[in-house]
Every structure is written in C-alpha cells, then in structure tokens.
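The exercises below ask you to read local geometry, burial and ligand contacts from a single model. Each task is followed by a solution that proceeds step by step.

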Amino acid sequence: MIFAEEVHILDGKKIVFRSARSDESQMLIDYLKTVTGETRFLMCESDEINYTKEEEEQFINDHNQSKDALLILAFVDGEYAGNCSFESKSGSRRSKHRAGIGIALYQKYTGFGLGKLMLTRLLTEIKNLGFEQAELTVVGNNEKAHRLYESLGFKECGIIPNANKYDDGTYADDIFMVLEF
Ligand SMILES: CC(C)(COP(=O)(O)OP(=O)(O)OC[C@H]1O[C@@H](n2cnc3c(N)ncnc32)[C@H](O)[C@@H]1OP(=O)(O)O)[C@@H](O)C(=O)NCCC(=O)NCCS
C-alpha cells in the first residue's frame, strides 16, 4: 500500500510521513546498519545487515504494491528519521486477521513523541483495513518501547526467556504483545 504524504508539527519540528520510493533503497540499508548498531533492541547485529540494493528495492516495492503491508518513513525537518511497518500474518485464512508491526528510529530522533505519533497513525491504518489485532515482539529490557506499546493498549501475552544471546555472552528475553482492536 502507498501511504499518501502527511505533514505534522511535533515539538516545533516539521514531520513528514510517506511511503518509500524505490530509489531510496541505499538510504534504508544505511539506516538499518546504523540503528542496529545504536541499540541492542533490534533483530540482529549491525554486521549482519547485508542486504543488496536490489533486495531492499524489492522490499520497498513489495510493501508499496501489497494490499496487506505498509512501510511508512518519517522525515524530521527534511532528514530521514526512521520507519514503521506492518505485514499481514496471512500464511493461511486462519491468520489473516493479524498484523505484525515493527518500528525503529535513529537514536537522535527518539524521545520527543515521534514513535508514538507514527505508531498511532500505523495502528489507525491497520484497524481501518479490518485487521482484528496488531502484534509485536519487544526485547525484555526495552522499557521505553514496552511503556510506549502499553500506552497504546498492547498487552503482554508471552515471553521467550533468553531469546537473544549477545556477542558478550549476556541474554535478553523476547516479550510478545498484542493489541486487540
Ligand atoms: C522505541 C521507539 C520506537 C520509541 O519512539 P520514541 O519516539 O523514542 O518514543 P516517544 O518519544 O514517542 O515516547 C513514547 C512513550 O515512550 C515512553 N518513554 C519515552 N521515553 C521514555 C524513557 N526514557 N523511559 C521510559 N519510557 C519512555 C513513554 O511512555 C512515552 O509516552 P509519553 O510521552 O506519553 O509518556 C524509539 O525509541 C526507537 O526506535 N528506539 C530504538 C529501536 C527500538 O527499540 N525499536 C523498538 C523495537 S520493539
């Protein structure tokens, strides 16, 4: 799906939300490499991000062309700040009512309400499309994200202990959260 450009003002900054263009694949790869290095709360280590420009372009096009997936980029005063997305969990008819979501911002654009604003917009889109629940996984000690999700109505529904093992030998749980519309 395409997300038509939207402008918001937040904390005195101009925020633009829109879909990605296929010529922005390198920008998205650079972002993934940076954000996975800035936090221990994303899906992998920075050196594991090895997407080619072609693969990333395919990812962008798949989201833009799909009826049950959406990728929203955020720009703060013209600078790319991060994205959020959802994909239907539709491996079968039984799971078509479930949307899986994800979000990550560059560290410098966290903490002033952008994450909450983006997720609020994403969840409205998901609900309006007829999905019955939104689902996500958050790393156990990611208190900021956990609190944000709770404030949007997500509830914890399960934990995988020690789901993440870091290079320094420490572990962190994965927590599953669900928001029922
Ligand atoms: C998690 C993330 C998306 C949150 O976005 P954000 O823009 O930083 O968050 P916001 O400024 O919108 O804050 C939203 C809520 O988070 C919580 N929060 C914010 N800062 C916090 C802090 N320092 N400690 C605890 N909770 C905090 C509050 O509940 C806040 O709501 P409130 O302002 O109504 O009190 C963003 O920080 C991020 O991308 N982090 C790195 C990647 C990541 O962890 N992604 C999530 C993977 S599951």
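**Exercise 1.** Locate D77 in this predicted model, then determine what sign its phi has and whether D77 is buried or exposed.

*Solution.* Begin with the secondary structure, where D77 falls in the loop between β3 and β4, the latter spanning residues 79–88. Next, read the backbone torsion: phi of D77 is near 45°, a positive value in a residue other than glycine. As a background for that reading, most residues other than glycine have a negative phi. Finally, turn to accessibility, where D77 has a relative accessible area of 52% and is classed as exposed because the cut-off for that class is over 50%.

**Exercise 2.** Carry out the analysis for N162, stating which element holds N162 and how its accessibility is classed.

*Solution.* N162 belongs to strand β7, which covers residues 155–165. Its phi is positive, about 50°, although N162 is not a glycine. With a relative accessible area of 46%, N162 is partly exposed, since this class lies between the limits of 20% and 50%.

**Exercise 3.** Assign A74 and E135 to their strands, decide whether each is buried or exposed, and find which side chain E135 contacts.

*Solution.* Take A74 to begin with: this residue lies in strand β3, residues 69–76, and because its relative accessibility is 0%, A74 counts as buried. The C-alpha atoms of A74 and I2 are 14 Å apart in space, while the two residues are 72 residues apart in sequence. Now take E135, which is found in strand β6, residues 133–139. Its relative accessibility of 11% is under the 20% cut-off, so E135 also counts as buried. The side chain of E135 makes a polar contact with the side chain of R98, at 2.5 Å.

**Exercise 4.** Place M43 along the chain, class its accessibility, and state how far its C-alpha atom is from that of V139.

*Solution.* M43 sits in the loop that joins α1 (25–38) and α2 (53–65). Because its relative accessibility is 55%, M43 counts as exposed. The C-alpha atoms of M43 and V139 are separated by 9.3 Å, whereas the two residues are 96 residues apart along the chain.

**Exercise 5.** Describe the surroundings of the ligand, working from individual backbone atoms to the composition of the shell.

*Solution.* Start with the atom pairs that involve the protein backbone. A backbone N or O atom of I103 lies 3.0 Å from a nitrogen atom of the ligand, and a backbone N or O atom of F112 lies 3.3 Å from one of the ligand's oxygen atoms. For G115, a polar backbone atom is 2.7 Å from an oxygen atom of the ligand. Taken alone, the ligand exposes 940 Å², of which the protein buries 73%.

Continue with the site as a whole: the ligand takes up the space of the largest pocket. The elements that give two or more residues to the surrounding shell are β5 (98–105), α3 (114–128) and α4 (143–151), and α4 supplies the largest share, five residues. There are 19 residues around the ligand, and L105, G111, G113, G115 and K116 come nearest. By residue class, the shell divides into 10 nonpolar, six polar and three charged residues.

How values were computed
Residues numbered from 1 in each chain as written. Predicted model: local features only at pLDDT ≥ 70, side-chain atom pairs only at ≥ 80, totals over all residues. Heavy atoms only, no water. Near = heavy atom within 4 Å. Polar contact = N/O pair within 3.5 Å; in protein donor to acceptor, adjacent residues only side chain to side chain. Areas by Shrake-Rupley, 256 points an atom, 1.4 Å probe, with all protein chains shown as cover. 1 Å grid on protein atoms, 1.4 Å probe; cavity = no way out; pocket = protein on both sides within 12 Å on 5 of 7 lines; lining within 4 Å. Sits in = over half its atoms within 2 Å of the grid points. Helix = DSSP H or I, 4+ residues; strand = E, 2+ residues; numbered from the N terminus. Nonpolar A, V, L, I, M, F, W, Y, C, P; charged D, E, K, R; others polar. Buried < 20%, exposed > 50% of the residue type's maximum accessible area, 1.4 Å probe, protein only.
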